[in-house]
Amino acid sequence: MPNFSLDVKDRLLLLSLLPAEGDITSLRLIRDLQHALSFSEEEHAKFGIKERAPGEVQWDVASATPKDIEIGPKMLGIIRKTLEDMNSLKKLRLELLPLFERFVPDE
């Protein structure tokens, strides 16, 4: 399974993209990926992560190191489909463009 080096922003954006509904096996994989993308107590302290307002997170960019996260083929498919659906519905946001370019192969 491929590893992806994800920074704080990538992790937060991916967490917001993961679907809340699906079949039982997909939901278990989503839960596992949510756990991998989440931040430990140590990371909160080291990166200075603070929620300023609902949906608004702040961190010390200089101290935030990327984390290697393993994403299997099923979850890659779910992430790609979500991003592709957003694109086809013209709901893709500029902040998601780097993730789209990273996870959705050029045709």
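**Strand β1, the cores and the two main pockets**

Asn3 is found in strand β1. The model looked at here is a predicted one, and this strand is a handy way into it. β1 covers residues 3-6, and its two faces look quite unlike each other: Phe4 and Leu6 sit on the covered face, while Asn3 and Ser5 make up the uncovered one. That pattern fits a simple rule, since in a regular strand the side chains alternate between the two faces of the sheet. Asn3 counts as exposed because its relative accessibility comes to 51%, just where the cut-off of over 50% applies.

As for partners, β1 runs antiparallel to strand β4 (residues 67-70), and four bridges join the two. Within this pairing, Phe4 stands opposite Ile69 of β4. Asn3 also reaches that way: with neighbours within four places in sequence left aside, it is in contact with Ile69 and Glu70. Lys46, on the other hand, lies 43 residues from Asn3 along the chain, and the C-alpha atoms of the two are separated by 23 Å.

Next comes the packing inside. The largest nonpolar core holds 22 residues, and those touching the most other members are Leu14, Leu33, Ile71, Ile79 and Phe103. Two or more residues apiece come from β1, α1, α2, α4 and α5 (97-103). Of these, α4 gives the most, with six residues. Apart from this core lies another one, made of five residues, including Phe39, Phe47, Ile49 and Ala64.

What does Phe103 touch, once residues up to four places away in sequence are not counted? The list runs to Phe4, Leu14, Ile71, Leu76, Ile79, Arg80 and Leu83. Phe4 thus turns up again here, as a contact of Phe103 and as a residue of the covered face of β1.

A charged residue is tucked away too. Asp10 is found in helix α1, and it counts as buried because its relative accessibility is 12%, against a limit of under 20%. Not counting residues up to four places away in sequence, Asp10 touches Ser5, Leu99 and Arg102. Ser5 is the residue listed with Asn3 on the uncovered face of β1.

Then there are the pockets. Rolling a probe the size of a water molecule over the atoms shows where empty space is left. The largest pocket has a volume of about 210 Å³. Its lining is made of Lys9, Leu12, Leu13, Ser16, Gly55, Glu56, Val57, Trp59, Arg93 and Glu95. Helix α1 (8-17) and strand β3 (56-58) each supply at least two of these residues, and α1 gives the most, with four. By chemical type, the lining splits into four nonpolar, two polar and four charged residues.

The second largest pocket comes in at about 170 Å³. Around it are Met1, Leu29, Asp32, Leu33, Ala36, Glu70, Ile71, Gly72, Pro73, Lys74 and Met75. Here the elements giving two or more residues are α2 (24-37) and α4 (73-88), and the largest share, four residues, comes from α2. Seven of the lining residues are nonpolar, one is polar and three are charged.

Some names tie these pieces together. Leu33 and Ile71 line the second largest pocket, and both are among the residues that touch the most other members of the largest core. Glu70, also in the lining of that pocket, is a contact of Asn3.

Methods
Residues numbered from 1 in each chain as written. Predicted model: local features only at pLDDT ≥ 70, side-chain atom pairs only at ≥ 80, totals over all residues. Heavy atoms only, no water. 1 Å grid on protein atoms, 1.4 Å probe; cavity = no way out; pocket = protein on both sides within 12 Å on 5 of 7 lines; lining within 4 Å. Points joined across faces, edges and corners; volume = space filled by probe spheres on them. Nonpolar A, V, L, I, M, F, W, Y, C, P; charged D, E, K, R; others polar. Buried < 20%, exposed > 50% of the residue type's maximum accessible area, 1.4 Å probe, protein only. Pairing = 2+ DSSP bridges. Core = buried A, V, L, I, M, F, W, Y, C linked by side-chain atoms within 4.5 Å. Contact = heavy atoms within 4.5 Å.
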